[in-house]
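Student: Can we go through how the labels on this model get decided? I'd like the cut-offs next to the values.

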Amino acid sequence: MPGMAANPSIFERIELNSKKYNVIWLSWKIPKKDESLSSYANRMLDEIPKDIPVVLIGVSFGGVLVQEMSKFIKIKRLIIISSVKTKHELPMRMKVARDTGVYKILPTGLLDYINQIEKLPLGNLIRKRLKLYQQYLSVNDKEYLDWSIKEMLCWQQDQPIDGIVHIHGEEDAVFPLKNIGNCIKIPDGTHIMILNKYKWFNENLHDLISDGRLKK
């Protein structure tokens with residue numbers, strides 16, 4: 001499951017043995033009116049086989065979602081990347097946004113203007129970043145964005161789920177490592193390390209799926 005507003009192409013460089021794994025890339029659905037995160041997670045299970053234990057992998061807010069999904073089905077492994085295991089691992093700025101309700105007035109509709117911004121006379125660096133946004137952050141429906149921000153900030157998970165595998169970058173600026181407990185730390189890993197640390201994942205993901213830990 002990709003991160004907030006992202007599409008499954010963020011996993012395009014992740015390689016798993018196709019003879020051993022049947023990989024399903026999940027995509028965000030538009031939430032129903034006043035839909036809870038738990039109800040949404042249950043609805044996402046329509047894409048998942050019911051007859052075998054599955055491995056759930058989620059990035060950022062997608063990591064929160066797969067944790068909720070795991071409460072409804074039998075799983076072999078639960079892996080989150082660049083995410084949080086409980087509400088206590090959220091950074092202070094997100095807790096303040098939650099407690100004050102300021103998230104309710106965030107201008108999420110501005111994301112619709114990325115295509116318009118690209119037409120302006122911009123430098124190459126900014127233009128390249130816009131291309132990345134367009135490639136990977138394609139879910140720009142305002143109702144979805146408002147819902148996902150609310151559910152991320154107001155997530156009520158109090159204790160980590162037993163057996164969860166948490167992979168986190170030491171340079172993650174969205175969910176700083178100082179707030180994160182019991183995780184596999186990736187040196188120089190940022191919040192988007194699923195894109196630029198794909199070699200590490202390709203070298204280690206199979207062992208994490210099989211054993212829940214890295215080979216020594």
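Tutor: Sure: buried means under 20% relative accessible area, exposed means over 50%, and partly exposed is in between (1.4 Å probe, protein chains only). The model is predicted, so local features need pLDDT of at least 70 and side-chain atom pairs count only at pLDDT 80 or more, while totals for chains, interfaces and linings use all residues. Residues are numbered from 1 along each chain as its sequence is written, and side-chain values use heavy atoms, with hydrogens and water left out.

Student: Why does Cys-183 count as buried?

Tutor: Its relative accessibility is 18%, and buried means under 20%, so the label fits.

Student: And what makes Cys-154 partly exposed?

Tutor: Cys-154 comes out at 23%. That lies between 20% and 50%, so partly exposed is the right call.

Student: How many disulfides does a search of the whole structure find?

Tutor: Zero. A disulfide is a pair of cysteine sulfur atoms within 2.5 Å.

Student: What makes helix 2 mostly covered?

Tutor: Nine of the nine residues in helix 2 (residues 61–69) are buried, including Phe-61, Leu-65 and Met-69. Helices here are DSSP runs of H or I with at least four residues, strands are runs of E with at least two, and both are numbered from the N terminus. The cover includes helix 1 (37–44), strand 1, strand 2 and helix 6 (142–153), where contact means heavy atoms within 4.5 Å.
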